[in-house]
Amino acid sequence: MSATLTEQKAGARGGGSRGANRQVLLQRKAPGTFRRHLARSFLRVAFLAAADLGVFLLLRQVVRALRDSAMLGSSVSNLVSAAIPRGYLGGWQFAAALLLGLAAAGAYGRGDQQANAGHVLAGVLLGVSLSLWHSIWTSGPAAVALQFAVTSLAVWAALATERSVVDRVLSRLLSRCRESRIPLVGDRRDREAVAAFKALTGGSRVVPIGWVYPGRARVDGEYLGTTERFWELLHRADADTVVLCGDLDPASYESVVEASCAAGCHVLALSRHHAVVRARPGLVWHRGVPFVEISVPALRALQLIVKRGIDLVVAGVGLVALAPVMAVIGLAIKLDSPGPALFWQERVGYAGRVFRMLKFRTMRDGADADKPAVAHLNQSGDPRLFKIPEDPRVTRLGSWLRRWSLDELPQLWNVLKGDMSLVGPRPFFESDLKEYSDHHFGRLGAKPGITGLWQVKGRSLVVDFEEVVRLDREYIDRWSLWLDLKVLFQTVPAVFRRTGAY
């Protein structure tokens, strides 16, 4: 089903579904927003690294001219030879160590970090230390101490000069990668809010699109609107960063952060706020003004790339290794009951996008049409969490497959396609969205998984929809590669326990 058709269907429902439609439309902006942030980050780091390498190569040529060509005379040549001997400042080992040191020291961070002399100095010291470690045992501590001091000072001075002028060039370069559109939440008459505005507009990287009043009072044409309708406002604004310039009441603050995270936006707060569960604060400086950056783990591009790589490798190997097992299961399903062996079902995934989830068929063919007839058997009492312990529609083989979770194996194909991940939130039906409250949409902030916290903490024994959402949100809030590995390891004993599997 196309996204357009899905949106039309959602819009055709009642008032509650219009709210769900608004949420999903905003949610579907998240992948595009993430790609813009990723492109800017890649371009910024690549440009800085290239500039650092260029300065390093230029410095190497200067050293060669002073040392080998005696450009300033033999006495200077001798001094330079003693401090920086031949073969020391050449070669790519030193360049690699320098870039590694700068990265470890945070000199490629956002905001003012990239021009911070302290971060650059720490990176240079680390890089020079890595390159001189071997020389301590061959040349002696005294000679190495002189080389360390002179090299560190020269490289730091060159890089600090480069970083002081590269910001303007980088601003113009990043502006070509689509300017960052920023709504500011606060009172535009407040002095601190005005300071934030000036700090953010000091370069050409961002385009403030207007102010959002932090309250529910009626506002004039100087404001885009109020925080009361921030979800709709953010959807219309097509923003990718939100800046909080003043104090908000708890309800407004939570709504603003929830909407921003749902849309994949970065959130910068000028002053301290009590972060909602999903948000992890960090400090970012822009032109000397401190901002608290509120972001979610999903915006960590490098970890997402690694996660996707693991998904591809495990799903690919799993499909090949388990192909004989799945072939036997498919044949057994065909012999057990009439109908296809595989079953496609539309579910809602990352950013509210609908995808077709593949499973082994465990019910009689056409069982979906009988769902209203067995609704009274739903153990949870909530249509959003449809669980029947002894569902009469389930076949004999299907019951066995469910107990051992073997019906989920074909979802490795969904993982390979990129619709799902090995670990993630539980995928739900599109029809459930019209019943969602604002905090429910946070669970759409990650790809759904074959397994997850819900599966390892009770499976079908969890019959409270709010508890399922809480577990899904907990996974997204705490997400890391280590958490994924932990869930994967816990899945195996959970399957063998067969607790809550039906």
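The lining of the second largest cavity divides into six nonpolar residues, no polar ones and three charged ones. Keep in mind that this is a predicted model. The residues in that lining are K307, I310, D311, L422, V423, L481, D484, L485 and L488. Three elements each give two or more residues to the lining: helix 11, which runs 301-321, strand 10, at 421-423, and helix 17, at 481-497. Which of them gives the most? Helix 17 does, with four residues. The space in this cavity comes to about 80 Å³. For context, the structure holds six cavities of 30 Å³ or more.

Next, the fold as a whole. There are 17 helices and 11 strands in the chain. Of its 502 residues, 48% are buried. If you take the contacts between residues at least 6 apart in sequence, 70% of them join residues at least 24 apart.

Now helix 10, residues 250-262. How far apart should its ends be? The expected span is taken as 1.5 Å times one less than the number of residues. The helix has 13 residues, so it should span 18 Å, and its end C-alpha atoms are indeed 18 Å apart, which agrees. Is this helix mostly covered or mostly open? Helix 10 is mostly covered, with 10 of its 13 residues buried. Going along the helix, the buried ones are S252, Y253, S255, V256, V257, E258, A259, S260, C261 and A262. Just after the helix comes G264, with a positive phi of about 80 degrees.

Last, confidence. The average pLDDT over the chain is 77, and 77% of the residues score at least 70. Where is confidence lowest, and where is it highest? The low end is helix 1, residues 3-11, with a mean of 38. The high end is helix 14, residues 411-417, at 95.

Two stretches deserve a separate mention. Over residues 1-17, pLDDT stays under 50, and the model has 21 contacts beyond four places in sequence for them. Residues 272-277 also stay under 50, and for these the model has 12 contacts beyond four places in sequence.

To go back over the main items: the cavity I began with has about 80 Å³ of space, and helix 17 gives the most to its lining. Helix 10 has a span that agrees with its number of residues, and 10 of its 13 residues are buried. Residues 1-17 and residues 272-277 stay under a pLDDT of 50.

Terms used. Residues are numbered from 1 along each chain as its sequence is written. This is a predicted model: local features need pLDDT of at least 70, side-chain atom pairs count only at pLDDT 80 or more; totals for chains, interfaces and linings use all residues. Side-chain values use heavy atoms; hydrogens and water are left out. On a 1 Å grid over the protein atoms alone, a cavity is a set of points where a 1.4 Å probe fits but cannot get out, and a pocket is an open set with protein on both sides within 12 Å along at least five of seven lines; lining residues have an atom within 4 Å of a point. Grid points are joined across faces, edges and corners, and a volume is the space filled by probe spheres set on the points. Ala, Val, Leu, Ile, Met, Phe, Trp, Tyr, Cys and Pro count as nonpolar, Asp, Glu, Lys and Arg as charged, and the others, Gly among them, as polar. pLDDT is the predictor's confidence in each residue, from 0 to 100. Contact means heavy atoms within 4.5 Å. Buried means under 20% relative accessible area, exposed over 50%, partly exposed in between (1.4 Å probe, protein chains only).
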